[in-house]
Amino acid sequence: MTRYANKGHIARAALEATAFQTRDVLEAMEKDSDITLDVLRTDGGMVNDDLLMQFPADILDRPVVRPVTKDATTALGAAYAAGLAVGYFKDLKDLRANWAVDHTWKPNLNNGKREEMYNLWKRAVSRSFDWVS
């Protein structure tokens, strides 16, 4: 960081870090489960930021989908599970009927640039650990 960095630079770095961290978690999950995810479905307040949605699509090299219902999806999932348990919902097909796509972002970054950015981020993270030690 230089003295010319402003709050916009810091905000963008935070959004980009979220995407890079998501890639780390996604790769670990895929390695442990031996399952490849074709799409990343999102939720929560941060999904309202279009930059945050396009950047992970580019970094993950897969579509990122924002649903119509963006908030309180953890509580909604618990309600769906309870509804299934007591027979309010017949099956998962009933639940899927309640889910709708608001927007989908497709990756549009070439693989060389994607890997370059990811490797620079990993290097920066490792350097920050050196600074703390």
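This briefing walks through a small set of local features, from the sheet to the helices and loops around it. The model is a predicted one. At its centre here is an open sheet of three strands, in the order E1-E2-E3 and with mixed pairing. Two spots get extra attention: Thr 42, which counts as buried at 14% relative accessibility, and a nonpolar surface patch made by Val 25, Met 29, Ile 35 and Leu 37.

**The sheet**

- E1 and E3 (101–105) sit at the edges with a single partner strand each, so one side of each has no neighbour in the sheet.
- On one side of the pairing, E1 and E2 run parallel and are joined by two bridges.
- Leu 40 is the residue that stands opposite Val 64 of E2.
- On the other side, E2 (residues 64–67) pairs with E3 in the antiparallel sense, this time over four bridges.
- Arg 66 has His 103 in E3 as its bridge partner.
- Side chains on E2 split two ways: Val 64 and Arg 66 point one way, Val 65 and Pro 67 the other, and all are buried.

**Thr 42**

- Look for Thr 42 in the loop that links E1 (40–41) to helix H2 (50–60).
- Thr 42 is at 14% relative accessibility, and the cut-off for buried is under 20%, so Thr 42 falls on the buried side.
- Its side chain reaches across to the backbone oxygen of Val 65, at 2.9 Å.
- Setting aside neighbours within four places in sequence, Thr 42 is in contact with Val 64, Val 65, Arg 66 and Pro 67, and also with Val 47 and Met 53.
- Put those contacts next to the strand limits: E2 covers residues 64–67, while Met 53 belongs to H2, where it is buried.

**Helix H2 and its two ends**

- H2 is mostly covered, with eight of its eleven residues buried.
- The buried set is Leu 52, Met 53, Phe 55, Pro 56, Ala 57, Asp 58, Ile 59 and Leu 60.
- Asp 49 caps the N-terminal end of H2, with a side-chain oxygen 2.9 Å from the backbone nitrogen of Leu 51.
- Just after H2 comes Asp 61, with a positive phi of about 55°.

**Two aspartates with positive phi**

- Some background first: most residues other than glycine have a negative phi.
- Asp 34 goes against that habit, with phi near 60°.
- Asp 34 lies in the loop between H1 and E1, and its relative accessible area of 73% makes it exposed.
- Asp 61 is another residue other than glycine with a positive phi, near 55°.
- Asp 61 has its place in the loop between H2 and E2.
- At 45% relative accessibility, Asp 61 counts as partly exposed, whereas Asp 34 is exposed.

**The nonpolar surface patch**

- Together, Val 25, Met 29, Ile 35 and Leu 37 offer about 350 Å² of accessible area as a nonpolar patch on the surface.
- Leu 37 lies in the loop between helix H1 (7–33) and E1, the loop where Asp 34 is also found.
- Leu 37 is at 31% relative accessibility, and patch members need over 30%, so Leu 37 qualifies on that count.
- At that value, Leu 37 counts as partly exposed.

Terms used
Residues are numbered from 1 along each chain as its sequence is written. This is a predicted model: local features need pLDDT of at least 70, side-chain atom pairs count only at pLDDT 80 or more; totals for chains, interfaces and linings use all residues. Side-chain values use heavy atoms; hydrogens and water are left out. Buried means under 20% relative accessible area, exposed over 50%, partly exposed in between (1.4 Å probe, protein chains only). A polar contact is a pair of N or O atoms within 3.5 Å; within protein, one must be able to donate a hydrogen and the other to accept it, and residues adjacent in sequence count only if both atoms are side-chain atoms. Contact means heavy atoms within 4.5 Å. Two strands pair if DSSP finds at least two bridges between them. Patches are made of residues with over 30% relative accessible area and no salt bridge: like charges are joined within 9 Å, nonpolar side chains (Val, Leu, Ile, Met, Phe, Trp, Tyr) within 5 Å. Accessible areas come from the Shrake-Rupley method with a 1.4 Å probe; for residues, only the protein chains shown count as cover. A salt bridge is a side-chain nitrogen of Lys or Arg within 4 Å of a carboxyl oxygen of Asp or Glu.
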